[in-house]
Amino acid sequence: MAIVVRIDVELARRKMSVGEFAERVGLTPANVAVLKNGRARAVRFSTLEAMCRVLGCQPGDLLEWVPDEAAAEPATG
């Protein structure tokens with residue numbers, strides 16, 4: 001997956017538990033786990049906005065693009 005979710009980093013910086021975060025954002029702890037573990041296929045902008053509001057951060061603090069190994073290799077030909 002090329003998009004890495006960094007919720008765990010931001011939670012650790014704020015010493016906030018997943019349960020507290022989930023409650024304040026309006027998600028279940030299970031859905032936060034899906035986001036944290038990179039299993040989510042999409043995130044609604046309203047959810048991203050709520051996460052940023054609760055954590056006092058920007059979307060780029062929560063999401064990072066990392067090139068796939070195949071995409072990082074130069075094309076041969």
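Here are legends for several close-up views of a predicted model.

**View 1. The whole chain, a run of helices with a strand at either side of the middle stretch.** Before zooming in, here's the layout of this predicted model. The protein chain has six helices and two strands, and along the sequence they come in the order β-α-α-α-α-α-β-α. Of its 77 residues, 26% count as buried. If you look at contacts with a separation of 6 or more, residues 24 or more positions apart account for 62% of them.

**View 2. Helix α2 packing on helix α3.** Two packed helices are described by the angle between their axes and the distance between the axes. For α2 (residues 18-25) and α3 (residues 29-36), the angle is about 105° and the axes are 9 Å apart. Anything from 65 to 115 degrees counts as roughly perpendicular, and α2 and α3 are therefore roughly perpendicular to each other. Which residues meet here? From α2 it's V18, F21 and A22, and from α3 it's P29, V32 and K36. Sorted by class, that contact has five nonpolar residues, one charged residue and no polar ones.

**View 3. The buried side of α2.** Zoom in on F21, A22 and V25, the buried residues of this helix. Why do they end up on the same side of α2? Because they cover an arc of only 100° around the axis. Their packing partners are α1 (7-14), α3 and α4 (45-55). Just after the helix comes G26, with a positive phi near 95°.

**View 4. The largest nonpolar core.** This core has 18 residues, and those with the most contacts inside it are I7, F21, M51, L55 and L62. Helices α1, α2, α3 and α4 each supply at least two residues, with α4 giving the most, at six. F21 turns up here again, having already appeared as a buried residue of α2 and in the contact with α3.

**View 5. L62 and what it touches.** Skipping residues up to four places away in sequence, what does L62 touch? The list runs V4, V5, R6, I7, E10, L48, M51, C52, L55 and C57. I7, M51 and L55 in that list are, like L62, among the residues with the most contacts inside the largest nonpolar core.

**View 6. Helix α4 and its cover.** The buried residues of α4 are T47, L48, A50, M51, C52, V54 and L55. What covers them includes α1, α2, α3, α5 (59-62) and β2 (63-65). G56 follows the helix, and its phi is positive, near 65°.

**View 7. T47, a buried residue of α4.** T47 is found in helix α4. Is T47 buried or exposed? Its relative accessibility is 18%, so T47 counts as buried, given that the cut-off is under 20%. With neighbours within four places in sequence set aside, T47 is in contact with V25 and L27. V25 is itself one of the buried residues of α2.

**View 8. E49 and R53, exposed residues of α4.** E49 lies in helix α4, and so does R53. E49 is exposed, with a relative accessible area of 57%, and R53 is exposed at 57% as well. Measuring up to α2 in the model, the C-alpha atoms of E49 and V25 are 9.2 Å apart in space, with their positions 24 residues apart in sequence. For R53 and R24, the C-alpha to C-alpha distance is 9.6 Å, and the two are 29 residues apart in sequence.

**View 9. R24 in α2, facing residues of α4 in the contact list.** R24 lies in helix α2 and counts as partly exposed, at 45% relative accessibility. Leaving out its neighbours within four places in sequence, R24 is in contact with M16, R53 and V54. V54 is one of the buried residues of α4, whereas R53 is exposed. The C-alpha atoms of R24 and L55 are 9.8 Å apart, although 31 residues separate them along the chain.

**View 10. K15 in the loop between α1 and α2.** Here the thing to look at is the backbone: K15 is a residue other than glycine with a positive phi, near 50°. K15 is exposed, with a relative accessible area of 75%.

Methods
Residues are numbered from 1 along each chain as its sequence is written. This is a predicted model: local features need pLDDT of at least 70, side-chain atom pairs count only at pLDDT 80 or more; totals for chains, interfaces and linings use all residues. Side-chain values use heavy atoms; hydrogens and water are left out. Axes are lines fitted to C-alpha atoms, for helices over the stretch in contact, and angles run from 0 to 180 degrees between N-to-C directions. Helices (H or I, at least four residues) and strands (E, at least two) are DSSP runs, numbered from the N terminus. Angles under 35 degrees count as roughly parallel, over 145 as roughly antiparallel, 65 to 115 as roughly perpendicular and the rest as oblique. Contact means heavy atoms within 4.5 Å. Ala, Val, Leu, Ile, Met, Phe, Trp, Tyr, Cys and Pro count as nonpolar, Asp, Glu, Lys and Arg as charged, and the others, Gly among them, as polar. Buried means under 20% relative accessible area, exposed over 50%, partly exposed in between (1.4 Å probe, protein chains only). The arc is that of the directions from the helix axis to the C-beta atoms. A nonpolar core is a set of buried Ala, Val, Leu, Ile, Met, Phe, Trp, Tyr and Cys residues joined through side-chain atoms within 4.5 Å.
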